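Reader: I would like to go through this model term by term and hear what supports each label. Could we start with the words used for solvent exposure?

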Amino acid sequence: MTQPPHDEPTASSPEELREQVEETREELGQTVEALAAKTDVKARAQEKAAEVKQQAAAKAGELKAKAAHTAAQVQEKIPEPVKDKATSAAGQARAKAAQATHLLQEKAPDPVRQKAAQGAQAARDNRTLLLTAAGVAVLVWLACRRTKG
């Protein structure tokens, strides 16, 4: 056994000695537990991965909110005549697309129709992306128009 430290009083009775032994066992158990936790690389890696995942989710939420706010600001800045023209142009484009689809269905060979259907489905699946791109194109057009005029 080891000698007790000089700054701690030695036990004067068997009961005090038992208490000191119990305290030492507690401290030793905590130390062993801490060392075991440090050597469990898999658990530490999982904890770190969970922490990084949580941080990424929080950052994604922040970016999504910021994008929504920016989109709202852009919508507010677009003048009403431009919005009306965009709505009208969208309606006309839908009508022309319907006409083209009808003509395509009547005159095009089967493989061409299948490819066109796939393209139309892709456009429907990515509607938000296409509308965002159209909005950006309108804003770029407006910005170019203002710098020229």
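Author: A residue is called buried when its relative accessible area is under 20%, exposed when it is over 50%, and partly exposed in between. Please keep in mind that the model is a predicted one.

Reader: Why is Glu62 called partly exposed?

Author: Its relative accessibility is 48%, and partly exposed is the class between under 20% and over 50%, so Glu62 counts as partly exposed. Lys59, at 47% relative accessibility, counts as partly exposed as well.

Reader: What makes Glu62 and Lys59 a salt bridge?

Author: The closest N and O atoms of Glu62 and Lys59 are 4.0 Å apart, and the criterion asks for a side-chain nitrogen of Lys or Arg within 4 Å of a carboxyl oxygen of Asp or Glu, so the pair is counted as a salt bridge. The two residues are separated by about one helical turn, because they are three residues apart in helix α2.

Reader: How many salt bridges does a search of the whole structure find, and what is known about Glu15 and Arg18?

Author: The search finds four salt bridges. One of them joins Glu15 and Arg18, with the closest N and O atoms 3.9 Å apart, and both residues lie in helix α1, three residues apart, about one turn of the helix. Glu15 is partly exposed, with a relative accessible area of 47%, whereas Arg18, with 56%, is exposed.

Reader: Which residue does Glu51 meet in a salt bridge, and how do you know that Glu51 is partly exposed?

Author: The side chain of Glu51 meets that of Lys48, at 3.9 Å from N to O, and both residues lie in helix α2, three residues apart. The relative accessible area of Glu51 is 37%, and the partly exposed class lies between under 20% and over 50%, so Glu51 is partly exposed. Lys48, at 48% relative accessibility, also counts as partly exposed.

Reader: Why does Lys38 count as exposed, and why does Thr31 count as partly exposed?

Author: Lys38 lies in helix α1, which covers residues 14-39, and its relative accessibility is 58%; exposed means over 50%, so Lys38 counts as exposed. Thr31 is also placed in helix α1, but at 42% relative accessibility it counts as partly exposed.

Reader: What makes the protein more spread out than a compact globule?

Author: The protein has five helices and zero strands. Its radius of gyration is 36 Å, well over the 15 Å that the globule rule gives for 149 residues, so the protein is more spread out than a compact globule. The C-alpha trace spans about 105 × 50 × 25 Å along its principal axes, and 3% of the 149 residues count as buried. About 13,300 Å² of the protein is exposed, and carbon and sulfur atoms supply 60% of that area.

Reader: What volume does the largest pocket have, and which residues line it closest to its centre?

Author: Its volume is about 1,100 Å³. Of the 31 lining residues, the closest to the centre are Ala90, Arg127, Leu131, Thr132 and Ala134. The elements that give two or more residues to this lining are α2, α3, α4 and α5, and α3 gives the most, with 12 residues. The lining divides into 19 nonpolar, seven polar and five charged residues.

Methods. Residues numbered from 1 in each chain as written. Predicted model: local features only at pLDDT ≥ 70, side-chain atom pairs only at ≥ 80, totals over all residues. Heavy atoms only, no water. 1 Å grid on protein atoms, 1.4 Å probe; cavity = no way out; pocket = protein on both sides within 12 Å on 5 of 7 lines; lining within 4 Å. Points joined across faces, edges and corners; volume = space filled by probe spheres on them. Helix = DSSP H or I, 4+ residues; strand = E, 2+ residues; numbered from the N terminus. Nonpolar A, V, L, I, M, F, W, Y, C, P; charged D, E, K, R; others polar. Buried < 20%, exposed > 50% of the residue type's maximum accessible area, 1.4 Å probe, protein only. Rg over C-alpha atoms; globule rule 2.2 N^0.38 Å. Areas by Shrake-Rupley, 256 points an atom, 1.4 Å probe, with all protein chains shown as cover.
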